Amino acid sequence: MTSEEKLQVAVEAADKKHAEEIVALDMQNVSLLADYFVIMHANSERQVQAIVTGIVEAEEDAGTTVKSIEGKKDSRWMLIDLGDVVVHVFLKEERAFYNLEKLWSDAPMVDVHQWITA
């Protein structure tokens, strides 16, 4: 799968689990870490876990190898490493505190609205 296809699968799966304010940053010309960062938040630790599970299952069903998952059950921030796509799932307060969008403000935003249901 291409990194763009992994990105789409992650965004659609997160949206199905009601992730909030899903954004994607194009990291290709900014960092060697990944092609894309996907950032979103949930309203409870349980929802963070549900979103992570949903994304991992959707990616595996699509043929993506999940390299690692950082964070434990009841974590306030979990990270899914898909190789060229890194997904960050936060609790709302943690997202505001770490503010990855500002930290990586040199990275252009990717329009993900086409993959999000209204």
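**H1 length.** I started with helix H1, residues 3–16, in this predicted model. At 1.5 Å a residue, its 14 residues should span 20 Å, and I get 20 Å between the end C-alpha atoms, so the two agree.

**H1, buried side.** Which residues of H1 are buried? My list reads Ser3, Lys6, Leu7, Val9, Ala10, Val11, Ala13, Ala14 and Asp15. I then looked up what they pack against: strands E1 (20–26), E2 (36–42), E5 (85–91) and E6 (109–110), plus helix H2. After H1 comes His18, and I noted its positive phi, near 65 degrees.

**H2 on its own.** Next I ran the length check on H2, residues 45–61. H2 has 17 residues, and I find 24 Å from its first C-alpha to its last, close to the 24 Å expected at 1.5 Å a residue. For burial in H2 I wrote down Gln47, Val48, Ile51, Val52, Gly54, Ile55, Val56 and Glu59. The cover over these buried residues includes H1, E2, E3, E4 and E5.

**H1 against H2.** How do the two helices pack, and at what angle? I have about 140 degrees, with the axes 8 Å apart. Angles over 145 degrees would count as roughly antiparallel and 65 to 115 as roughly perpendicular, so I log H1 as oblique to H2. The crossing of H1 past H2 is right-handed.

I also pulled the residues at this contact. H1 brings Lys6, Val9, Ala10, Ala13 and Ala14, and they meet Ile51, Gly54, Ile55, Ala58 and Glu59 of H2. By class that makes seven nonpolar, one polar and two charged residues. Cross-checking with burial, I see that Lys6 is on the buried list of H1, and Glu59 is on the buried list of H2.

**After H2.** H2 is followed by Gly63, with a positive phi near 95 degrees. Gly63 sits in the loop between H2 and strand E3 (68–70). Is Gly63 buried or exposed? Its relative accessible area is 57%, and the cut-off for exposed is over 50%, so I put Gly63 down as exposed. I also looked up its C-alpha distance to Ser75, 12 residues apart along the chain, and got 26 Å.

**Ile80.** I moved on to strand E4 (residues 77–81), where Ile80 is found. Relative accessibility is 0% for Ile80, so I count it as buried. Which residues does Ile80 touch, leaving out those up to four places away in sequence? I find Val52, Ile55, Val56, Val66, Ser68, Val85, Val86 and Val87. Val52, Ile55 and Val56 are also among the buried residues of H2. One pair I looked up by distance: Ile80 and Ser68 are 12 residues apart in sequence, and their C-alpha atoms are 6.1 Å apart.

**Met78.** Met78 is also placed in strand E4. I have it as buried, because its relative accessible area is 3%, which is under the 20% cut-off. With residues up to four places away left out, its contacts are Val48, Gln49, Val52, Ile69, Glu70, Gly71, Lys72, Val87, His88 and Val89. Val52 and Val87 appear on the contact list of Ile80 as well. For Met78 and Ala50, 28 residues apart along the chain, I noted a C-alpha separation of 11 Å.

**Positive phi outside glycine.** Most residues other than glycine have a negative phi. I wrote down two more that go the other way. Glu21 has a phi near 45 degrees and is found in strand E1. With a relative accessible area of 56%, Glu21 is exposed. Asn99 has a phi of about 45 degrees and lies in the loop between helix H3 (92–98) and helix H4 (100–103). Asn99 is at 29% relative accessibility, so it goes down as partly exposed.

**Ser31.** My last lookup was Ser31, in the loop between E1 and E2. Its relative accessibility is 13%, so this loop residue counts as buried. How far is Ser31 from Trp104, C-alpha to C-alpha? I get 9.2 Å, for a pair 73 residues apart along the chain.

How values were computed. Residues numbered from 1 in each chain as written. Predicted model: local features only at pLDDT ≥ 70, side-chain atom pairs only at ≥ 80, totals over all residues. Heavy atoms only, no water. Axes fitted to C-alpha atoms, helices over the stretch in contact; angles between N-to-C directions. Helix = DSSP H or I, 4+ residues; strand = E, 2+ residues; numbered from the N terminus. Parallel < 35°, antiparallel > 145°, perpendicular 65-115°, else oblique. Left-handed = near helix turned anticlockwise from the far one by under 90°. Contact = heavy atoms within 4.5 Å. Nonpolar A, V, L, I, M, F, W, Y, C, P; charged D, E, K, R; others polar. Expected span 1.5 Å × (residues − 1). Buried < 20%, exposed > 50% of the residue type's maximum accessible area, 1.4 Å probe, protein only.
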